[in-house]
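Visitor: I would like a close look at one part of this protein, the aromatic pairs and what surrounds them. Please take me through it in one go.

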Amino acid sequence: VIPATYSGTHVITARDSVSHSATANLSVTAVMTISPISGPAGTTVAFIGKGFLANSPITVTYDGVSTAATSTLTSGADGSFSSGFKIPASASGIHVIVVGDGTNAISANFNILSTAAVNPTSGPVGTTITAGGSGFKLNSKVTITYNGVQAATVTTGISGSFNTTFAIPSASTGAHSLVMTDGTNTQTFSFSVTPAANPISPSVGFIGTVITLSGNGFGASKGITVTYDSVPVTLTASNTTDADGTFNVSFKAPVSKGGNHSVVVTDGTTSQTYTFNIDPTPPSSPTLALPAPLTKLGKIPTLSWNPVTDSNGGITYTLQISKDTTFATV
């Protein structure tokens, strides 16, 4: 077995015990190995060289461009060395690594594999996603689909890298497929939609106020139930989510005391709780304008009073007549 030694011609001598001998020349050639031989951009490649010139500067190039390993690498007295470097941003496919000492030059192929990432991987409908990748085809269109429907497109640069953002479209709660492809390289991810509900509208009102609740990312085609202080209410609009888990329902605030009340909307699996406030401050008393006190009235009296206002609206009037000032009998 040839021991570690520098490149060039070496002499092999055979000799017996009585000094008979013979020689032969052996030309040692340089060899070089790299590991790994494939991976995404950013992979650290280790390489080992043997049989190069002794004590010589070693150059390392990637697609003809010098790497950081070149600046400090020198072979030993036996022509061997070892080092490594990170694969720079590159398009997918085969790239050539060349290691040389000025006399010997050994090449090896490194296969760039595509890689990508998305952030975040879960959230409600409308979440802004950042998607990026490397090792795709250079100067090529990358299509991003969500549940098989195009959600965004982006063009890679000269190194096969890209970065873009887009909003998650409507979909029901749960995991959904997110695919990036340039037609040759494909990366697949899963995005999990979480339920989201819009604020209750309005959040303050009075008895009879029409309250609207809406949301998305709930279960697909599921019935919606709403309770007010744990009591089911009658909805005035559709009470079923659509195929994307979107809903919009309304109901009238029932008779209840002033203050906060709990409103819960649920599809049987996912629930959202709100607070609706009945204004506890009553409007001021109306002031009678006609008839004047102690006035004798005709058969059909005209009744008139100054109207009152309230920030929440909804003022109604009830007329009561009694034969006594205490209104014991109405």
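Guide: A residue is called buried when its relative accessible area is under 20%. By that cut-off, buried residues make up 35% of the 330 residues in this protein. The model is a predicted one.

Some background on the whole chain comes before the rings. The secondary structure consists of 28 strands and zero helices. The radius of gyration is 41 Å, well over the 20 Å that the globule rule gives for 330 residues, so the protein is more spread out than a compact globule. The C-alpha trace spans about 155 × 40 × 35 Å along its principal axes. Of the contacts with a separation of 6 or more, 51% are between residues 24 or more positions apart.

Now the aromatic pairs. The structure holds eight of them. One is formed by F52 and F81: the ring centres are 5.0 Å apart and the planes stand at 70°, so this pair is edge-to-face, given that planes over 60 degrees apart are classed that way. F52 sits in the loop between β5 (44-50) and β6 (59-62), while F81 belongs to strand β8 (residues 81-86); with their positions 29 residues apart, the pair links distant parts of the chain. F52 and F81 are both buried.

A second example is the pair of F136 and F162, also edge-to-face, with 5.1 Å from centre to centre and 85° between the planes. Here too distant parts of the chain are linked: F136 lies in the loop between β13 (128-134) and β14 (141-146), F162 lies in strand β16 (residues 162-167), and the two are 26 residues apart. Both F136 and F162 are buried.

F52 and F81 also belong to a wider group, since ring pairs link F47, F52, Y62, F81 and F85 into a cluster.

F52 has a further neighbour in S7, a residue of the segment before β1 (8-15). Beyond the residues within four places of it in sequence, S7 is in contact with V28, G51, F52, L53 and N104. The relative accessible area of S7 is 9%, so S7 counts as buried.

To finish with the outside of the protein, the accessible surface is about 18400 Å², and carbon and sulfur atoms account for 55% of that area. The protein has 11 positive and 12 negative charges, and the mean positions of these two sets are 15 Å apart.

Notes. Residues numbered from 1 in each chain as written. Predicted model: local features only at pLDDT ≥ 70, side-chain atom pairs only at ≥ 80, totals over all residues. Heavy atoms only, no water. Phe/Tyr/Trp six-rings, centres within 6.5 Å; stacked < 30°, edge-to-face > 60°. Helix = DSSP H or I, 4+ residues; strand = E, 2+ residues; numbered from the N terminus. Buried < 20%, exposed > 50% of the residue type's maximum accessible area, 1.4 Å probe, protein only. Rg over C-alpha atoms; globule rule 2.2 N^0.38 Å. Contact = heavy atoms within 4.5 Å. Areas by Shrake-Rupley, 256 points an atom, 1.4 Å probe, with all protein chains shown as cover. Lys, Arg positive; Asp, Glu negative; His and termini not counted. Charge placed at Lys NZ, Arg CZ, Asp CG, Glu CD.
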